[in-house]
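Hi everyone, thanks for making time for this. I'd like to walk you through a structure with two chains in it, taking it slowly and one piece after another.

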Amino acid sequence: MGKTFQKPLALADTITHYCPGCTHGVIHRLVAEVIDELGVRGRTVGIAPVGCAVLAYNYFTFDFQEAAHGRAPAMATGIKRVRPDLIVFTYQGDGDLASIGMGEIIHAANRGEKFTTIFVNNAVYGMTGGQMAPTTMPNQRTTTSPFGRNVDDVGMPIKVAELIAALQTPAYVVREAVITPKNILKAKKAMKKAFEYQVAGRCYSFVELVSTCPTNWGLTPVDAVKWAQNTMLPYYPLGELKTPEGKPAPGAEH
Amino acid sequence: MAKVLMKGNEAIGEAAIRAGCLNYFAYPITPQSEVAEYLSKRMPEVGGVFLQGESEVAVSYMIFGAAAAGARVFTTSSSPGISLMSEAISYIAGAQCPAVFVNIMRGGPGLGGILPSQADYLQATKGGGHGDYRMLVMAPASVQEAVEMVMQAFPLAEKYRNPVMILGDGLIGQMMEPVEFPDNLKTEPSNKNDWATNGMDTRGSQTRNLVKSLYLDPEVLNKHNLTLKAKYDRMKREEIRFEAHNTDGDYQALIVSYGTMSRVCRTAIDLLKDQGIEVGMIRPQTLFPYPEQAVLEAASKASCKAVASIEMNMGQMVEDIERSVRGRRPVSWFGKCGGEVPTPEEVLEVVKGLIG
């Protein structure tokens with residue numbers, strides 16, 4: 001009987017620095033599985049953000065560049081324009097992508113750059129110690145919103161996938177979650193589709209993943225999953241928002 | 001090749017193509033926008049990449065990404081734009097990637113003005129971005145020299161895997177002069193890109209590459225900075241360029257001036273000669289590394305009483321001259337800002353005042 005489960009070739013055999021209950025490890029594995037399945041490891045270049053995933057390159061076995069805070073989409077644009085044959089993805093968190101890097105992500109998406117973005121939305125700045133992010137939920141307590149996010153003062157959380165889907169340039173835009181096994185399987189499917197669009201040279205692809213951050217939320221991993229389900233998912237609905245064909249696949253819309 | 005009459009900014013764009021750089025990302029800003037306008041037409045003709053980014057910040061990271069992927073790449077901007085790009089320049093230097101930045105300087109600080117200036121001398125030579133990095137800075141005095149320096153900049157950037165800056169005042173970009181594109185400066189990329197993140201298949205390698213500037217271990221970061229310093233020290237040994245003018249015989253004063261300003265100074269030196277006053281000049285062609293020894297030797301000539309820094313700024317090069325002259329001669333400054341260019345007559349009067 002052959003092996004039925006093994007570590008993807010694209011994933012390094014090492015211990016990560018991520019906290020217990022963190023979902024980055026799950027997302028890393030999904031990326032690695034997709035890259036293995038598409039057979040593109042030898043022509044893939046990943047771009048690490050600034051944030052918890054700044055060291056993501058330690059956990060993959062293909063070429064990687066490290067960006068400045070928020071600038072990964074500009075770097076991906078540079079690579080993809082001079083080497084359209086490479087498979088390029090940015091791996092970004094919500095502080096990196098939705099705050100300091102909002103300009104770069106919107107314009108890269110609007111130009112229809114043929115790379116893929118994995119956007120990890122855990123409603124908080126992780127690496128710097130749990131500060132408020134543009135995606136932080138109303139009344140959510142963080143180290144810079146100790147009384148809870150006051151939406152009268154700092155506005156509502158930004159729905160980035162919806163923002164990008166509103167652009168007129170064709171793209172694949174999807175939001176999934178990595179908090180239950182069922183979610184994770186759907187996230188994998190969405191991620192694979194995103195990379196397939198890139199391999200075909202078809203369009204820009206954006207995969208938002210609702211994730212948990214037990215450490216900075218001050219919750220156990222199990223409670224963090226419940227909080228994400230009860231608080232984040234009603235505000236951040238899952239499913240395809242846009243495909244280059246013009247509408248979500250049947251049954252995939254939210 | 002025959003001489004053609006070209007505007008500096010267009011000649012700079014053409015020079016990059018002739019040097020084998022077919023990748024250009026840029027954002028419009030006066031007085032260098034003609035480079036982007038020219039290359040938006042020219043790059044498609046030669047099968048190259050032209051992209052207008054959404055900001056100087058984004059453009060500078062497109063440069064970083066493309067350079068890290070092993071491509072020969074450059075951008076052009078002007079002073080406020082270069083301030084925005086300086087963050088990426090620091091990252092590119094830290095990550096040891098080759099890239100060429102052209103700064104067609106305008107007046108500052110802030111929005112300043114759009115007319116020619118040399119007000120970014122300190123930014124270009126002493127930092128601009130954060131951290132311990134330097135970049136090779138070349139200052140052309142004519143459209144022809146701008147063409148040659150742009151063509152030389154790419155192999156130099158690749159030799160050191162470091163950003164190189166062409167620091168031209170606005171006049172270099174805006175004036176039209178006859179230029180000839182030298183064939184002998186055409187160069188193939190000089191390294192094998194075995195460090196680049198261009199995909200393992202491209203290199204035929206099983207080992208992946210990382211391009212990064214983060215070193216959390218202090219010992220490792222210190223070692224990394226020593227590696228960078230060794231490159232900057234090597235630039236000081238191998239890349240200093242300058243031109244000496246009227247320094248063979250005796251002279252009563254020495255002018256140090258670069259870029260378009262040095263051409264005004266040459267006229268002033270001719271006018272002074274007509275009056276029986278000899279004045280020498282050192283024109284640094286590289287501002288980093290700085291021609292310290294040349295300035296020291298020229299200033300130390302027994303007949304030379306004083307040294308003057310003549311610049312289109314408020315005296316940003318004075319410190320480098322003083323450092324070079326080591327107190328052996330008085331160093332003074334004359335200059336103007338914001339698009340005002342000192343006239344030969346004004347330079348003449350300043351120099352006469354120095355020698356009494």
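I'll begin with chain A, go on to where it touches chain B, and finish inside chain B.

One thing to keep in mind throughout: this is a predicted model.

So, chain A. It holds nine helices and seven strands. Its radius of gyration is 17 Å, and the globule rule gives 18 Å for 254 residues, so chain A is as compact as a globular protein of that length. If you draw a box around its C-alpha atoms along the principal axes, that box comes to roughly 50 × 45 × 40 Å. Of the 254 residues, 56% count as buried. And if you take the contacts in chain A with a separation of 6 or more, 65% of them join residues 24 or more positions apart.

Now let's look at the sheet. Which strands make it up, and in what order? Reading across, we have β7(A), β5(A), β6(A), β4(A), β3(A), β1(A), β2(A) and then β9(B). That is an open sheet of eight strands with mixed pairing. At the edges stand β7 of chain A, residues 239-242, and β9 of chain B; each has a single partner strand, so one side of each is left without a neighbour in the sheet.

Let me zoom in on two of those pairings. β1(A) and β3(A), the latter covering residues 87-93, run parallel and share four bridges. Here you can find A:Thr44 opposite A:Ile87. The other pairing crosses from one chain to the other: β2(A) and β9(B), residues 210-211, are parallel and joined by two bridges. In that pair, A:Phe64 faces B:Leu210.

That brings us to the contact between the chains. How many residues does each chain put in? Chain A gives 28 residues and chain B gives 32. On the chain A side, β1 (44-48), β2 (63-66), α2 (72-82) and α4 (102-111) each supply at least two residues. The largest share comes from α2(A), with eight residues. By type, this side of chain A divides into 13 nonpolar, eight polar and seven charged residues.

Let's stay with α2(A) for a moment. Is it mostly covered or mostly open? Mostly covered: eleven of its eleven residues are buried. Among them are A:Ala74, A:Met75 and A:Gly78, and those names come back when we look across at B:Tyr61. Leaving aside its neighbours within four places in sequence, B:Tyr61 is in contact with residues including A:Ala74, A:Met75, A:Gly78 and B:Ala88.

B:Tyr61 turns up again in the largest nonpolar core, which has 198 residues. Together with B:Ile63, B:Val150 and B:Leu254, B:Tyr61 is among those with the most contacts inside that core. Helix α6 of chain B, residues 143-160, contributes the largest share, eleven residues. Domain 1 and domain 2 of chain B both give residues to this core, so it lies between them.

Last stop, those two domains. Domain 1 is 4-202 + 212-238, and domain 2 is 242-355. Their C-alpha centres lie 28 Å apart. Where they touch, domain 1 brings 27 residues and domain 2 brings 22. On the domain 1 side, α5(B) gives the most, with four residues. That side divides into 17 nonpolar, seven polar and three charged residues.

That's my tour; thanks for listening!

Terms used. Residues numbered from 1 in each chain as written. Chains lettered and ligands numbered in written order. Predicted model: local features only at pLDDT ≥ 70, side-chain atom pairs only at ≥ 80, totals over all residues. Contact = placed C-beta atoms within 7 Å. Nonpolar A, V, L, I, M, F, W, Y, C, P; charged D, E, K, R; others polar. Pairing = 2+ DSSP bridges. Rg over C-alpha atoms; globule rule 2.2 N^0.38 Å. Buried ≥ 20, exposed ≤ 12 C-beta atoms within 10 Å, placed from the backbone. Core = buried A, V, L, I, M, F, W, Y, C linked by C-beta atoms within 7 Å. Domains from an automatic or database assignment.
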